[in-house]
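Work through the exercises below with the sequence and the 3D view at hand. Try each task before you read its solution.

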Amino acid sequence: MGNYRTQLKVQGCPEVSINSLKSKATTDVFPTKKSKKSQNELKLTFYPSFPVGETQESLEKVRLELLKEIQKRNNEGVIADKMARTFAYRRQEVVNQEPLVQDFMERWSALFREKEINAEFQRLVALPLEQTFLAQLDKYSDQFIHIIQAKGGAKLYTHTRHLFQDNSAEDVQRDLEKLTTAVFVIRKEGEGLQEPPADIGIVIEGVEVLHDLTSVASACAHLLGLVYILILAYPKPLRFTFEVFQKVFMQLDPHKMSYKVQSLYGRLHILQ
């Protein structure tokens, strides 16, 4: 396999070249400097080549067309086709430029929709995002409740709360701009937890990237998808929470769990 990859690199295969440690400085031997992959043992950065017959110029033209298409109604099929066609162009942009979320949203606003996040994640790891996440959450929900209620569970609950921001409608924008990575829940003034929230969404780098989601669970799934799509590092206070999402729920690289997550995983199976 090593010789095969060497031959691919000689032929100019971009994915092999971008992931080759020999092509990097000795002080920078991880796939990407800020990537979650250097923290979570997913070794390679997926770097597909452009489709046959496509160039950067032709795909940039499609990107500009996408900005117009999202302004139209009942246009999901056209958008999906153009998003699939520009996947390699978009992926190379993320890997090469590590853009800010705000800038990437302006260039690829069609991506920041539930359907397209699911489609992009499927292209990356060949796994349905929301469907898998919610199915695994259902599978382990009773065990999680038991662990949280048991002695020591309060610590797990307190740690996980860093991920969520539950606000009233007043001063919401100011509060959200302070968040690095979070799921936000907005409630009308005076309404309690028994009432459905006015809005559920996601903030990354202080930017609201998604809103009007159906549930907090769905928001967590889409947040994980965006972390993969944008190659973001897991926030340090939430690294174990995201590791559970990644390795327990999505079963991505599950054989390399940290001790804490492995211990939790063992308890979940004991309680089944």
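**Exercise 1: Two unusual backbone angles**

At 61% relative accessibility, A126 counts as exposed (buried means under 20% relative accessible area, exposed over 50%, partly exposed in between, with a 1.4 Å probe and protein chains only). The model is predicted: local features need pLDDT of at least 70, side-chain atom pairs count only at pLDDT 80 or more, and totals for chains, interfaces and linings use all residues. Residues are numbered from 1 along each chain as its sequence is written, and side-chain values use heavy atoms, with hydrogens and water left out.

Task: Find where A126 lies and state its phi. Then do the same for Q251.

Solution.
- Step 1. Locate A126 in the loop between helix 7 and helix 8 (129-149). Helices are DSSP runs of H or I with at least four residues, numbered from the N terminus.
- Step 2. Read its phi: A126 has a positive value of about 55°, although it is not a glycine.
- Step 3. Move to Q251, in the loop between helix 12 and helix 13 (259-270). Its phi is also positive, near 55°, and Q251 is not a glycine either.
- Step 4. Check exposure. Q251 counts as partly exposed, because its relative accessibility is 35%.

**Exercise 2: A helix pair**

Task: Describe how helix 3 and helix 4 pack. Which residues make the contact?

Solution.
- Step 1. Take the geometry. Helix 3 (residues 56-69) and helix 4 (residues 76-85) pack at about 155°, and their axes are 10 Å apart. Axes are lines fitted to C-alpha atoms, for helices over the stretch in contact, and angles run from 0 to 180 degrees between N-to-C directions.
- Step 2. Name the arrangement. The angle makes helix 3 roughly antiparallel to helix 4; the term covers angles over 145 degrees.
- Step 3. List the contact, meaning heavy atoms within 4.5 Å. Helix 3 gives L59, V62, E65, L66 and E69, while helix 4 gives V78, I79, K82, M83 and R85.
- Step 4. Sort by class. The contact has six nonpolar, no polar and four charged residues. Ala, Val, Leu, Ile, Met, Phe, Trp, Tyr, Cys and Pro count as nonpolar, Asp, Glu, Lys and Arg as charged, and the others, Gly among them, as polar.

**Exercise 3: Salt bridges**

Task: How many salt bridges does a search of the whole structure find? Examine some of them.

Solution.
- Step 1. Apply the rule: a side-chain nitrogen of Lys or Arg lies within 4 Å of a carboxyl oxygen of Asp or Glu. The search finds 10 salt bridges.
- Step 2. Take E69 and K72, with N to O at 3.6 Å. E69 is buried at 12% relative accessibility, whereas K72 is partly exposed at 49%.
- Step 3. Take R90 and E120, with N to O at 2.8 Å. R90 lies in helix 5 (residues 87-97) and E120 in helix 7 (residues 114-125), so the pair ties together parts 30 residues apart in sequence. R90 is buried at 1%, and E120 is buried at 2%.
- Step 4. Take E243 and K247, whose closest N and O atoms are 3.5 Å apart. They are four residues apart in helix 12 (residues 239-249), so about one helical turn separates them. E243 is buried at 5%, and K247 is buried at 1%.
- Step 5. Look for a network. Salt bridges link E60, R63, E93 and R107.

Conventions: Helix = DSSP H or I, 4+ residues; strand = E, 2+ residues; numbered from the N terminus. Parallel < 35°, antiparallel > 145°, perpendicular 65-115°, else oblique.
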